[in-house]
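Here is a short tour of one model, written to be read with the structure open beside you. Please take a look at it before reading on.

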Amino acid sequence: MERRRFLQLTGMVAGGAVLAGRMPGLGTLAAPARAAGGPSPYGPLLEADANGILLPEGFTSVEIGRAGQPVGASGYEWHEFPDGGAVFEADGGGWIYTSNSEHPSVGEGGVGALRFDEGGEVVDAYPILTGTQTNCAGGHTPWGTWLSCEEHDGGQVWECDPTGRDEAVVRPALGVFIHEAVAVDPKREQLYLTEDAEDGRFYRFTPARFPDLDDGVLEVAAASDRGRVRWLEVPDPSATGTPTREQVAESSAFDGGEGIWYHRGTVYFTTKGDTKVWAYDAKRETLAVVHDPAEDAASPVSSVDNITMTPTGDLLVAEDQTDDQELVLISPDGAATALLRMDARHSGSELCGPAFSPDGRHLYFSSQRGGGDGGIGAGVTYAVTGPFEQRRRRQGRGSRQDA
């Protein structure tokens, strides 16, 4: 598969603020700061627009894909139940947004792609993976591919070419389990994976020949009460007899692993069962909770799912709940606030796949079950455009490099 450079967007200070929190097997961790609700750096949310989205002043939304309907002149019908996504540079200018289909039926899942010109207009749409099942989240690679994760007991990871020129390739060495998302640490040449189960695990994969993902060692995390992490090899990543999460008795359970993101030596991930955001320090091999709404009544976070990083250095968390779904910003100093909110037209849906364009002006995401006459549909994907850079200009901080 051709290795193209992924334009990495983010600027959160590695490590961030370590906040108090607990998990089964972990004690309370020291905390210099606590995430709390506060005013948005972009101003208050206004009334809902025609798409049912509440945005700050200066921001606009546009529908770019609706399940079952062709995208522009491409002829490609946008897939149902759009979920995790990422943005990649396109050869010759512009960029590509990849989007999973979390269709639960065997053979009905996969990945679709939208190609944009340098002005942010959709110029093409096409599939890059078909015939799979329940493709939930995933992750980008530094060499320019999309890793699509299947969320079911026999789920695997598929490496996809965003351009669609090369056929997607399954990567069994990354394990067979209820995959949710994956992030790559290019410095240590390792991958981290989450598992969406009540007793899910946090995994690490070390390729035999990075960045080739054909072979390597899959390990599972065992966290101590003080947050120290040991990595223990999974005996049978193919799970032929025993699920991977049950193969190592000393390993730590995480309640519903969701989105994951790597930035400057830190791996951030979410767990939906306890609504927490975690940070794993890859150098020190330590784990801490960086956001726990149960510890602060002022926090606007009420559920957690996919995560990404904004061009200004904030963590962006997508909520998975039936009403008032939000994309929530968590800043490096611990402040949490809603970037946008969906109105009652999206009741019964969830927000998925947030990702920013290379110029930092366009945010893509989906209302996974939006678009129906009664609120429930098969999914709509949106682009929000606005002055995302204003926070950086005002505060004079932030980097666009994710290494």
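## Around V217

Leaving out residues up to four places away in sequence, V217 touches R204, F205, T206 and E233. This valine is found in strand β15, and the model it belongs to is a predicted one. Is V217 buried, partly exposed or exposed? Its relative accessibility is 32%, so V217 counts as partly exposed.

L232 makes a useful reference point here: it is 15 residues from V217 along the chain, and the C-alpha atoms of the two are separated by 9.9 Å.

## The five-stranded sheet

Strand β15 belongs to an open sheet of 5 strands, in the order β12-β13-β14-β15-β16, with antiparallel pairing. At the edges are β12 (179-185) and β16 (229-233), each of which pairs on one side only. From one strand to the next, the twist averages 35°.

How many bridges join β15 to β16? There are 5 bridges between β15, which covers residues 212-223, and β16, and the two strands run antiparallel. To find the register on screen, look for V220, which stands opposite L232 in β16.

## The largest nonpolar core

In soluble globular proteins, nonpolar side chains tend to be buried together. The largest nonpolar core in this model has 20 residues, and those that touch the most other members are L174, L191, L193, Y203, F205, L213 and L218. At least two residues of this core come from each of β9 (146-150), β12, β13 (190-195), β14 (202-209) and β15. Which strand gives the most? That is β15, with 4 residues.

L174 is a good place to start exploring the core. Not counting residues up to four places away in sequence, L174 touches V157, H179, L191, L193, F205, L213 and L218.

## The four-stranded sheet

Another open sheet is formed by 4 strands in the order β4-β5-β6-β7, and its pairing is antiparallel. Its edges are β4 (82-89) and β7 (122-132); each has a single partner strand, so one side of each is left without a neighbour in the sheet. The twist from one strand to the next averages 20° in this sheet.

Strand β6 (residues 109-116) is joined to β7 by 8 bridges, and the two run antiparallel. For a landmark in this pairing, look at G110, whose bridge partner in β7 is T130.

## The β17-β18 hairpin

Strands β17 and β18 form a hairpin with 2 residues between them, and R264 in the turn has a positive phi of about 45°. The two strands pair in the antiparallel sense over 5 bridges, and I260 stands opposite F269 in β18. How many residues of β17 are buried? For this strand, residues 257-263, the count is 7 of the 7, so β17 is largely enclosed by the rest of the structure.

On the partner strand, T271 lies in β18 (residues 266-271). T271 is buried, with a relative accessible area of 0%. Its contacts, leaving aside neighbours within four places in sequence, are F254, D255, G256, G257, K276, W278 and V304.

## Aromatic pairs

The model has 22 aromatic pairs. In one of them, F202 and F254 meet edge-to-face, at 6.2 Å centre to centre with 75° between the planes. F202 lies in strand β14 and F254 in the loop between β16 and β17, so this pair ties together parts that are 52 residues apart in sequence. Both rings belong to buried residues: the relative accessible area is 2% for F202 and 4% for F254.

What cluster do ring pairs build around these residues? They link Y192, F202, W231, F254, F269, W278 and Y280.

## Cysteines

How many disulfides does a search of the whole structure find? The search finds 0. C136 is in no disulfide, and the nearest cysteine sulfur to that of C136 belongs to C352, 7.0 Å away. A disulfide would need the sulfur atoms within 2.5 Å.

C136 counts as buried, at 3% relative accessibility. C352 is likewise in no disulfide, with the sulfur of C136 as its nearest cysteine sulfur. At 1% relative accessibility, C352 counts as buried too.

How values were computed:
Residues are numbered from 1 along each chain as its sequence is written. This is a predicted model: local features need pLDDT of at least 70, side-chain atom pairs count only at pLDDT 80 or more; totals for chains, interfaces and linings use all residues. Side-chain values use heavy atoms; hydrogens and water are left out. Two strands pair if DSSP finds at least two bridges between them. Axes are lines fitted to C-alpha atoms, for helices over the stretch in contact, and angles run from 0 to 180 degrees between N-to-C directions. Buried means under 20% relative accessible area, exposed over 50%, partly exposed in between (1.4 Å probe, protein chains only). Contact means heavy atoms within 4.5 Å. A nonpolar core is a set of buried Ala, Val, Leu, Ile, Met, Phe, Trp, Tyr and Cys residues joined through side-chain atoms within 4.5 Å. Rings of Phe, Tyr and Trp (its six-membered ring) pair if their centres lie within 6.5 Å; planes under 30 degrees apart count as stacked, over 60 as edge-to-face and the rest as tilted.
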